[in-house]
Amino acid sequence: MNHYVNTYRGIDFGLGASSKCGLNIKDSYGSWPFGGGSNPEDLGQDIRSMSSSEVNKTRGHAKLNSGSCN
């Protein structure tokens with residue numbers, strides 16, 4: 001189980017899905033005690049380093065909630 005967690009993580013799924021959509025994000029490798037692999041911190045840095053023609057880097061605003069949220 002530990003080997004699987006260190007070799008295929010949620011980030012790897014996201015990178016694979018984005019690749020299928022034509023958005024090729026660099027897959028950096030990070031390490032931590034007893035393992036290593038793709039991780040959110042390195043993914044964020046890789047997205048930040050992409051050109052503006054590849055990814056929209058301008059801030060936006062989410063729409064306000066409307067209706068009942070239970």
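In which loop is the place of Asn39? Asn39 sits in the loop that lies between β2 (35–37) and α3. The model discussed here is a predicted one.

**Overall architecture**

The protein chain contains 3 helices and 2 strands, and these elements follow the order α-α-β-β-α from the N terminus on. Of the 70 residues in the protein chain, 20% are buried. The surface exposed by the protein chain amounts to about 6000 Å², with carbon and sulfur atoms supplying 55% of that area. When contacts between residues at least 6 apart in sequence are considered, 35% of them join residues at least 24 apart.

**Helix α2**

Helix α2 spans residues 10–20, and its buried residues are Ile11, Asp12, Leu15 and Ser18. These residues lie on the same side of α2, because the arc they cover around the axis is only 130°. On the face turned away from that buried side, α2 carries the exposed residues Gly10, Phe13 and Lys20. Gly22 follows α2 and has a positive phi, near 90°.

**Asn39 in the loop before α3**

Asn39 counts as buried because its relative accessibility is 11%, and the cut-off for that class is under 20%. Its side chain makes a polar contact of 2.8 Å with the side chain of Asp42. Apart from neighbours within four places in sequence, Asn39 is in contact with Ile11, Gly30 and Trp32. One of these partners, Ile11, is among the buried residues of α2.

**Asp46 in α3**

Helix α3 comprises residues 40–48 and includes Asp46. Although buried, Asp46 has no salt bridge. Which side chain of opposite charge is nearest to Asp46? That side chain belongs to Lys26, at a distance of 4.5 Å. A salt bridge would require a separation within 4 Å, so the pair of Asp46 and Lys26 does not qualify. Once neighbours within four places in sequence are set aside, the contacts of Asp46 are with Ile25, Lys26, Asp27 and Ser28.

The two side-chain distances reported above are set out below.

| Residue | Partner | Distance |
|---|---|---|
| Asn39 | Asp42 (polar contact) | 2.8 Å |
| Asp46 | Lys26 (nearest opposite charge, no salt bridge) | 4.5 Å |

Taken together, the two sites present a buried loop residue, Asn39, with a side-chain polar contact to Asp42, and a buried helix residue, Asp46, without a salt bridge.

Definitions and conventions:
Residues numbered from 1 in each chain as written. Predicted model: local features only at pLDDT ≥ 70, side-chain atom pairs only at ≥ 80, totals over all residues. Heavy atoms only, no water. Helix = DSSP H or I, 4+ residues; strand = E, 2+ residues; numbered from the N terminus. Buried < 20%, exposed > 50% of the residue type's maximum accessible area, 1.4 Å probe, protein only. Lys, Arg positive; Asp, Glu negative; His and termini not counted. Contact = heavy atoms within 4.5 Å. Arc of directions from axis to C-beta. Polar contact = N/O pair within 3.5 Å; in protein donor to acceptor, adjacent residues only side chain to side chain. Areas by Shrake-Rupley, 256 points an atom, 1.4 Å probe, with all protein chains shown as cover.
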